[in-house]
Amino acid sequence: MKKIKVGVFGSGGRMGKEILGLLEKHDRLEAFLGVDRQGRPSGFQKTVTDLEAPEAKEVDVWIDFSTISAFDEILHFVRTTKKPLVSGTTGLSDAQKSELRKTANESPVLWASNMSLGVAVLNQALKLFAQLEGFDFQIEEIHHNRKKDNPSGTALTLQETLVQAVGKKVPAPFGIRGGGVYGVHKVWAFSDEEQLMFEHQALNRSVFARGALRAAEWLSSRGPGYYGMQDVLLKEKP
């Protein structure tokens, strides 16, 4: 069976290395091209510093864990080549989010603030909170001390789902930064008589890389459209 050629934006970073480690053992995906601005060796079949390299056009599906500053160029390239894009870059501006959806009219795009399948399940589970009356709600999240965005993109995604479910405004997510925590997200529901809490803990960084590869394999056979991890979770047919 011919393998799917994967290209990774930000291949020299921590997530790029996690993805490479899993690609080396994958039976359907191959570590074809790494894009690293600094030209650091990445372990991919070839590493390039920009998207002008001819090998970039051979990629079957892209995975993006790069930076906000590179995001606009990535979107332009994907829109031009009409190749699938899986992106986990967070902290996007409203303008960039709008451009992402426009790109999905030309190419298959899957964006998620968190690539973990467990978080996708948690996000779906929050819809059950619509059945609660007379409750107060609060999202709490903890990440390592190097994470710049606070609240995290994951917390904001959960907040959006929660607000839609309960039909009222709820307090902003409470973010804690410290140590080397990969990610903890808790969603609390309190009443005068009981309390309920849904929690997800990421135990390593590989959980995000594994989810990204599952998303990339799934997206490689889809047509243009804007997708999320919930689509991968539900295993919708093309």
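# Strands, cores and Lys168

Me: How do you know that E9 and strand E10 (residues 195-201) count as paired?
Reply: In this predicted model, seven bridges join E9 to E10, and the two strands run antiparallel. Pairing requires at least two bridges, so E9 and E10 qualify. One position to look at is Val187, which stands opposite Phe198 in E10. The connection between E9 and E10 is a hairpin of four residues.

Me: What makes strand E7 (residues 136-143) a partner of E9?
Reply: E7 and E9 share seven bridges in the antiparallel sense. The threshold is at least two bridges, so this pair also qualifies. Here Ile139 stands opposite Val187 in E9.

Me: Why is strand E9 (residues 184-190) described as largely enclosed?
Reply: Six of its seven residues are buried, so the rest of the structure largely encloses E9. Buried here means under 20% relative accessible area.

Me: Why is Lys168 called partly exposed?
Reply: Its relative accessibility is 37%. Buried would need a value under 20% and exposed a value over 50%, so Lys168 falls in between. Lys168 sits in the loop between helix H5 (153-166) and strand E8 (174-177).

Me: What makes the pair Lys168 and Phe135 a polar contact?
Reply: A polar atom of the Lys168 side chain lies 2.8 Å from the backbone oxygen of Phe135. The limit is 3.5 Å, so the distance satisfies it. Leaving out residues up to four places away in sequence, Lys168 touches Phe135, Phe137 and Val163.

Me: How do you know which strands are the edges of the seven-stranded open sheet?
Reply: The order is E3-E2-E1-E4-E5-E6-E11, with parallel pairing. Strand E3 (46-48) and strand E11 (225-227) each pair on one side only, and these are the edge strands. On average, neighbouring strands of this sheet are turned by 20° against each other, direction ignored.

Me: How do you know that E3 is paired with strand E2 (residues 29-35)?
Reply: Three parallel bridges join E2 to E3. At least two are needed, so the pair counts. Gly34 stands opposite Thr47 in E3.

Me: What makes strand E4 (residues 61-64) a partner of both E1 and E5?
Reply: Strand E1 (residues 4-9) pairs with E4 over four parallel bridges, and Gly7 has Trp62 as its bridge partner in E4. With strand E5 (residues 85-87), E4 has three parallel bridges, where Asp64 is partnered by Ser87. The β-α-β crossover from E4 through helix H2 (residues 68-81) to E5 is right-handed. Both bridge counts meet the minimum of two, so E4 pairs with each strand.

Me: Which way do the residues of E4 point, and are they buried or exposed?
Reply: Val61 and Ile63 point one way, Trp62 and Asp64 the other, and all are buried. In a regular strand, side chains alternate between the two faces of the sheet.

Me: What makes up the largest nonpolar core?
Reply: This core has 31 residues; Ile63, Val86 and Met115 are among those with the most contacts inside it. E1, H1, E2, E4, helix H6 (206-219) and helix H7 (229-234) each supply at least two residues. H6 gives the largest share, eight residues. Apart from it lies another core, of 22 residues, including Val59 and Leu85.

Key:
Residues numbered from 1 in each chain as written. Predicted model: local features only at pLDDT ≥ 70, side-chain atom pairs only at ≥ 80, totals over all residues. Heavy atoms only, no water. Buried < 20%, exposed > 50% of the residue type's maximum accessible area, 1.4 Å probe, protein only. Right-handed = clockwise from strand over helix to strand, strands pointing away. Axes fitted to C-alpha atoms, helices over the stretch in contact; angles between N-to-C directions. Contact = heavy atoms within 4.5 Å. Polar contact = N/O pair within 3.5 Å; in protein donor to acceptor, adjacent residues only side chain to side chain. Core = buried A, V, L, I, M, F, W, Y, C linked by side-chain atoms within 4.5 Å.
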